[in-house]
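Student: I should like to learn how to read a structural model with some care. Could we work through one together, feature by feature?

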Amino acid sequence: MTQASPAPAAGAQLTTTKTTVEFRAALVAMAIVALIPLGVSNPYWLGVLIVSMYFAILAGGWNLLAGYTGQFSLAPATFAMIGAYTTGLLGTYYNVPPLLGIAAAIVVSGLVGLVLGRAVLRLVGPYLALTTLSFAEIMRLVASNSIDITRGDLGLGVAGLPIGRLAWYYLFLAVLVVLLILFYLLLRSKAGLFLQAIRDDEVAARRAGVDVVFWKTAAFTLSAAASGLAGALYAHFAELVTPELGLIAQTGLILSMAVIGGMGTLAGPLVAAFLVYVLSEWLRDVGGYQLVVFAALVVIFARFFREGLWGLAKAAVRRWRQA
Amino acid sequence: MSAIDVDLAVNGFITGLFYALMAVGLSLIFGILKIVNFAHGEFYMVGAYAYTLVALALGVPVWVALPFAFLVGAALGWATERTLMRPLYAGYTSWGLMRDEYAVIVTFGLSLFLINLVDKVIGPYAYRGPPLVETSRVVLGPVLISGHRLLAAGIAIAVILATAALIKWSFWGQQIRAVSQNRLGASLAGIDTAKASAIVFMLSGGLAAFAGALLSPVINASPDVGIFPAVKSYIIVVLGGMGSVPGAIVASLLLGVIESFGAVYLSYQYRDAFGLILLMLFLLFRPQGLFGEKGREV
């Protein structure tokens with residue numbers, strides 16, 4: 001901010017501060033994640049953390065759409081699948097190199113997000129959830145039934161990158177941090193206020209001059225592009241794409257991360273993605289109750305702790321300061 | 001119309017009857033709370049298990065197991081309404097924000113919870129429920145049908161008609177319709193809106209569980225068995241107009257027949273996609289459905 005810029009209104013100041021605190025907390029969390037490989041060299045757990053980062057990107061992207069703009073899409077996993085198939089099919093049929101394929105994945109999933117976002121502009125709540133859910137199922141059916149092109153449920157082999165697991169780890173982390181900074185800059189700007197105004201009261205936002213059509217579509221496009229990027233990266237990491245990437249259960253996992261972490265906060269969903277996924281891998285060894293536990297946690301958090309872990313942490317800090 | 005067309009039409013119609021058992025409850029819930037219950041398929045799944053397990057493990061006669069499944073579903077519906085749905089209307093002022101999102105999250109979470117709980121406690125294996133009658137083939141002109149399916153279709157017709165009559169003429173049904181039309185107005189007229197919501201959830205859960213029990217000899221109870229009929233009932237409530245009970249019944253029968261013909265004449269692989277495409281087209285271009293009132297807020 002330069003000296004010449006006018007002083008922001010009180011409301012803007014409040015939101016900026018809140019977002020900045022969350023951004024700093026998220027950066028601290030990412031710094032801790034960056035240090036983990038110093039102590040953990042087990043490739044299995046590094047792999048678990050890489051998949052956690054995949055989910056963190058998805059949860060973050062979905063949070064921008066659902067948590068900040070109030071557009072409750074049930075298709076985040078589908079955009080990851082679209083991104084993964086974009087780079088996978090381009091590589092298989094046109095020998096497109098992975099980096100170009102990933103770039104294409106961002107563009108294609110962003111465009112699909114733009115079209116879908118544009119189409120569902122007028123739908124809210126249950127209607128939006130049902131439309132995006134059908135979109136997700138149709139896309140998955142297409143991927144799994146176009147056997148001649150995608151090899152269906154067998155999955156499509158994708159070229160890997162000539163880098164080791166540790167390099168993958170830092171590649172995912174770098175992408176995650178870049179997205180985090182982008183989201184922060186977006187939310188700190190006026191656009192962030194526009195998005196949240198649309199979430200809180202769309203009619204009032206339009207009345208106050210917010211270009212609702214543009215910003216709702218923009219949030220859909222950005223969120224889809226971020227998911228597509230995550231999916232494309234994951235495709236090259238796993239060296240395989242299957243329609244399972246777009247399963248509703250995957251969306252359920254993304255949703256639970258955002259809800260448990262705290263929807264509409266920058267740090268919550270990112271941190272929760274790590275907690276949920278690492279814990280679920282650990283619980284899988286203990287007895288396989290991970291999905292029961294997380295589903296119960298989602299219901300309990302949604303019912304009793306609406307601000308998620310971030311809200312609980314904030315309350316704890318406040319109490320500690322008062323004491 | 002050739003013989004195979006008659007067969008397809010009759011079998012599609014019967015499938016539609018089972019869809020209707022599911023869709024009517026979902027539509028009632030939408031009417032009274034303006035939410036979509038994403039755990040609806042799990043009521044169906046629980047009903048299939050309740051029927052199959054008491055009939056197989058305890059040796060209870062099927063004619064007792066069938067109403068038992070209804071009661072289990074109704075109890076589950078009541079518990080869901082009581083613990084998770086009350087905040088949607090019971091004076092939690094701060095809940096106005098993100099109300100729809102809360103409903104989606106909490107029912108979606110409940111659905112995942114029930115599927116995985118059953119998967120861990122009872123196991124992922126499929127159980128085949130005992131049929132109501134052992135007759136394997138009944139020939140009605142060009143139509144070939146199993147005895148169980150024919151009997152189940154008859155029971156489904158009776159239950160659907162009874163439900164429709166209950167909603168239309170009974171005192172409770174009138175209260176439910178009043179709350180659906182205007183919750184505040186109904187409460188001012190002295191109607192217990194919490195009780196009306198509870199009754200709707202019990203009826204809806206019971207009907208879905210009953211459908212699961214009726215179909216358990218065909219579908220084989222397994223933890224994720226409810227997903228498929230739930231998706232069908234979402235399609236149906238959108239087609240029929242959200243909240244409209246007659247619309248839900250007509251749309252159920254229509255979808256059953258469309259799918260039956262579509263699977264043979266269009267594409268077997270994409271048979272599940274027809275309804276989903278219809279759902280998207282309707283939501284985008286005719287959100288009030290076939291029979292819904294025009295001008296309903298979307």
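Reading a two-chain model

Tutor: Please keep in mind throughout that this is a predicted model. Let us begin with a single helix. In helix 12 of chain A, the residues A:G268, A:P269, A:L270, A:V271, A:A272, A:A273, A:F274, A:V276 and A:Y277 are buried.

Student: How does one judge the span of helix 12 of chain A?

Tutor: One compares the expected rise with the distance between the helix ends. Helix 12 of chain A covers residues 268–286, and at 1.5 Å a residue its 19 residues should span 27 Å; the end C-alpha atoms lie 26 Å apart, so the two values agree.

Student: What follows helix 12 of chain A?

Tutor: The helix is followed by A:G288, whose phi is positive, near 75°.

Student: Which residues have a positive phi although they are not glycines?

Tutor: A:E239 has a positive phi of about 60° without being a glycine. A:E239 sits in the loop between helix 10 and strand 2 (240–241) of chain A. In chain B, B:N220 is likewise not a glycine and has a positive phi of about 60°. B:N220 belongs to the loop between helix 8 (193–219) and helix 9 (227–240) of chain B.

Student: Are A:E239 and B:N220 buried or exposed?

Tutor: Here one counts neighbours: a residue with 20 or more other C-beta atoms within 10 Å is buried, one with 12 or fewer is exposed, and anything in between is partly exposed. A:E239 has 14 such atoms within 10 Å, so it is partly exposed. B:N220 has 15 other C-beta atoms within 10 Å and is therefore partly exposed.

Student: At what angle do helix 8 and helix 10 of chain A pack?

Tutor: For a helix pair, one considers the angle and the distance between the axes. Helix 8 (residues 190–200) and helix 10 (residues 212–238) of chain A pack at an angle of about 100°, with their axes 10 Å apart. Angles of 65 to 115 degrees count as roughly perpendicular, and these two helices of chain A are therefore roughly perpendicular to each other. Helix 8 of chain A contributes A:A191, A:F194, A:L195 and A:I198 to the contact, while helix 10 of chain A contributes A:V212, A:W215, A:K216 and A:A219. By class, this contact has seven nonpolar residues, no polar residues and one charged residue.

Student: How do the radii of gyration of the chains fit a compact globule?

Tutor: One sets the radius against that of a compact globule with the given number of residues. For the 323 residues of chain A, the rule gives a value near 20 Å, and chain A has 20 Å, which agrees. For the 298 residues of chain B, the rule gives a value near 19 Å, and chain B has 19 Å, which also agrees. Chain A contains 14 helices and two strands, and 50% of its residues are buried. Chain B contains 11 helices and two strands, and 51% of its residues count as buried.

Student: How many residues of each chain take part in the contact between them?

Tutor: Chain A gives 32 residues and chain B gives 33 residues. On the side of chain A, helix 5 (125–145), helix 11 (248–261) and helix 13 (290–304) each supply at least two residues. Helix 5 of chain A gives the most, with 12 residues. The residues on this side of chain A divide into 22 nonpolar, six polar and four charged.

Notes: Residues are numbered from 1 along each chain as its sequence is written. Chains are lettered from A and ligands numbered from 1 in the order in which they are written. This is a predicted model: local features need pLDDT of at least 70, side-chain atom pairs count only at pLDDT 80 or more; totals for chains, interfaces and linings use all residues. Two residues are in contact if their C-beta atoms, placed from the backbone, lie within 7 Å. Helices (H or I, at least four residues) and strands (E, at least two) are DSSP runs, numbered from the N terminus. Ala, Val, Leu, Ile, Met, Phe, Trp, Tyr, Cys and Pro count as nonpolar, Asp, Glu, Lys and Arg as charged, and the others, Gly among them, as polar. The expected span of a helix is 1.5 Å times one less than its number of residues. The radius of gyration is taken over C-alpha atoms; the globule rule is 2.2 Å times the number of residues to the power 0.38. Axes are lines fitted to C-alpha atoms, for helices over the stretch in contact, and angles run from 0 to 180 degrees between N-to-C directions. Angles under 35 degrees count as roughly parallel, over 145 as roughly antiparallel, 65 to 115 as roughly perpendicular and the rest as oblique.
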